Amino acid sequence: MHLGIFDAMGHNSHAGLAANLVVAACRNQRRQGTDLVALGERVEEILLEHFAHETFVTSTLAELNTATGLLTWINRGHHPPVLIRAGRWTTVLHCPPAHPLGAGLETTATLCREQLEPGDRILLYTDGITEARDKQGQEFGLTRFTDFIIRHHADGFPVPETLRRLMRAVLHHHDGRLNDDATVVCVEWHGPSRNTQLSAAPPPVPPPGRS
């Protein structure tokens with residue numbers, strides 16, 4: 001499974017064009033089998049070709065081996081992923097960040113790895129979630145964000161419903177409107193299938209005919 005989250009500088013059409021260009025370039029390189037580090041470098045080249053150094057995009061690019069649960073990712077100046085384990089323990093998955101896409105600096109992305117356990121959830125998010133402020137200037141915050149996911153998991157809500165309720169909570173916290181893009185990607189890995197019935201069964205042998 002290929003995962004990515006992108007946050008372009010600014011809040012205008014220029015930022016929207018940059019974000020869409022990066023998403024399209026990422027999909028193109030992914031389908032060519034480009035590894036994550038080279039993918040980030042190639043996407044940055046394309047962004048620089050079109051926008052020079054006028055903008056940049058932060059990103060986390062990741063791959064999840066759905067058979068083994070091995071998560072690999074690079075950080076291009078973005079907030080690190082959050083791991084929720086056993087429905088209650090949270091860990092920030094730190095990875096040495098490289099510069100944002102389009103900044104054109106000479107830092108090399110580090111490929112990081114994390115072995116997931118069955119039931120683990122990975123959260124990717126933009127700062128429009130955690131930095132949304134109420135009328136008193138209080139941020140929604142990372143702790144409130146992760147606690148919200150954990151509480152709704154404990155209540156038995158599926159991931160789509162949990163995220164729907166999360167966005168309503170963020171909007172309510174920000175008095176009904178956002179000043180920044182607010183995006184969340186949530187992946188839940190259930191582990192390898194233990195259903196032996198999924199293997200192909202031999203065709204039934206017809207009974208011998210009567211002579």
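This section describes a sheet, the helices lying across it, the enclosed and open spaces, and a few loop residues of a predicted model.

The sheet under consideration is open and comprises 4 strands in the order 5-4-7-8, with antiparallel pairing. Strand 5 and strand 8 (184–189) stand at its edges, and because each has a single partner strand, one side of each is left without a neighbour in the sheet. From one strand to the next, the twist averages 20 degrees. In general, the strands of a sheet pair through backbone hydrogen bonds, in either a parallel or an antiparallel sense.

The individual pairings can be followed in the order of the sheet. Strand 4 and strand 5 run antiparallel and are joined by 4 bridges, and in this part of the sheet arginine 85 stands opposite tryptophan 89 of strand 5. Strand 4 also pairs with strand 7, again in the antiparallel sense, over 3 bridges, with leucine 83 standing opposite isoleucine 122 in strand 7. Strand 7 is in turn joined to strand 8 by 6 bridges, the two strands running antiparallel, and the bridge partner of arginine 121 in strand 8 is glutamate 188.

Strand 7 (120–125) deserves separate description. Of its 6 residues, 6 are buried, so strand 7 is largely enclosed by the rest of the structure. In a regular strand the side chains alternate between the two faces of the sheet. Both faces of strand 7 are covered, with Asp120, Ile122 and Leu124 buried on one side and Arg121, Leu123 and Tyr125 buried on the other. Arg121, whose bridge partner in strand 8 is glutamate 188, is thus listed among the buried residues of strand 7.

Two helices lie across strands of this sheet. Helix 4, formed by residues 142–154, lies across strand 4, strand 5, strand 7 and strand 8, and runs at about 145 degrees to strand 7. Helix 5, formed by residues 159–173, lies across strand 7 and strand 8, and runs at about 155 degrees to strand 8.

The empty spaces of the model were examined next. Rolling a probe the size of a water molecule over the atoms shows where empty space is left. A search of the whole structure finds 1 cavity of 30 Å³ or more, and the largest cavity holds about 50 Å³ of space. Its lining is made up of Ile84, Gly87, Gly119, Arg121, Ile149, Ile150 and His153, which divide into 3 nonpolar, 3 polar and 1 charged residue. Helix 4 gives the most to this lining, with 3 residues.

The largest pocket, by contrast with the cavity an open space, contains about 180 Å³. Of the 13 residues that line this pocket, Leu3, Gly4, Phe6, Cys26 and Arg30 are the closest to its centre. The elements giving two or more residues to the lining are strand 1 (2–8), helix 1 (13–31), helix 2 and strand 2. By residue class, the pocket lining divides into 8 nonpolar, 2 polar and 3 charged residues.

Several loop residues were also examined. Most residues other than glycine have a negative phi. Alanine 52, although it is not a glycine, has a positive phi of about 55 degrees; alanine 52 lies in the loop between helix 2 (36–51) and strand 2 (57–64), and counts as partly exposed because its relative accessibility is 38%, a value between the limits of 20% and 50%. Alanine 86, likewise not a glycine, has a positive phi of about 60 degrees and is found in the loop between strand 4 (82–85) and strand 5 (89–92). With a relative accessibility of 56%, alanine 86 counts as exposed, a class that begins over 50%.

Proline 118 is found in the loop between strand 6 (112–115) and strand 7, and with a relative accessible area of 49% this proline is partly exposed. When residues up to four places away in sequence are not counted, proline 118 touches Trp189, His190 and Gly191. Proline 118 and valine 184, in turn, are 66 residues apart in sequence and 21 Å apart in space, C-alpha to C-alpha.

Notes. Residues are numbered from 1 along each chain as its sequence is written. This is a predicted model: local features need pLDDT of at least 70, side-chain atom pairs count only at pLDDT 80 or more; totals for chains, interfaces and linings use all residues. Side-chain values use heavy atoms; hydrogens and water are left out. Buried means under 20% relative accessible area, exposed over 50%, partly exposed in between (1.4 Å probe, protein chains only). On a 1 Å grid over the protein atoms alone, a cavity is a set of points where a 1.4 Å probe fits but cannot get out, and a pocket is an open set with protein on both sides within 12 Å along at least five of seven lines; lining residues have an atom within 4 Å of a point. Grid points are joined across faces, edges and corners, and a volume is the space filled by probe spheres set on the points. Ala, Val, Leu, Ile, Met, Phe, Trp, Tyr, Cys and Pro count as nonpolar, Asp, Glu, Lys and Arg as charged, and the others, Gly among them, as polar. Two strands pair if DSSP finds at least two bridges between them. Axes are lines fitted to C-alpha atoms, for helices over the stretch in contact, and angles run from 0 to 180 degrees between N-to-C directions. Contact means heavy atoms within 4.5 Å.
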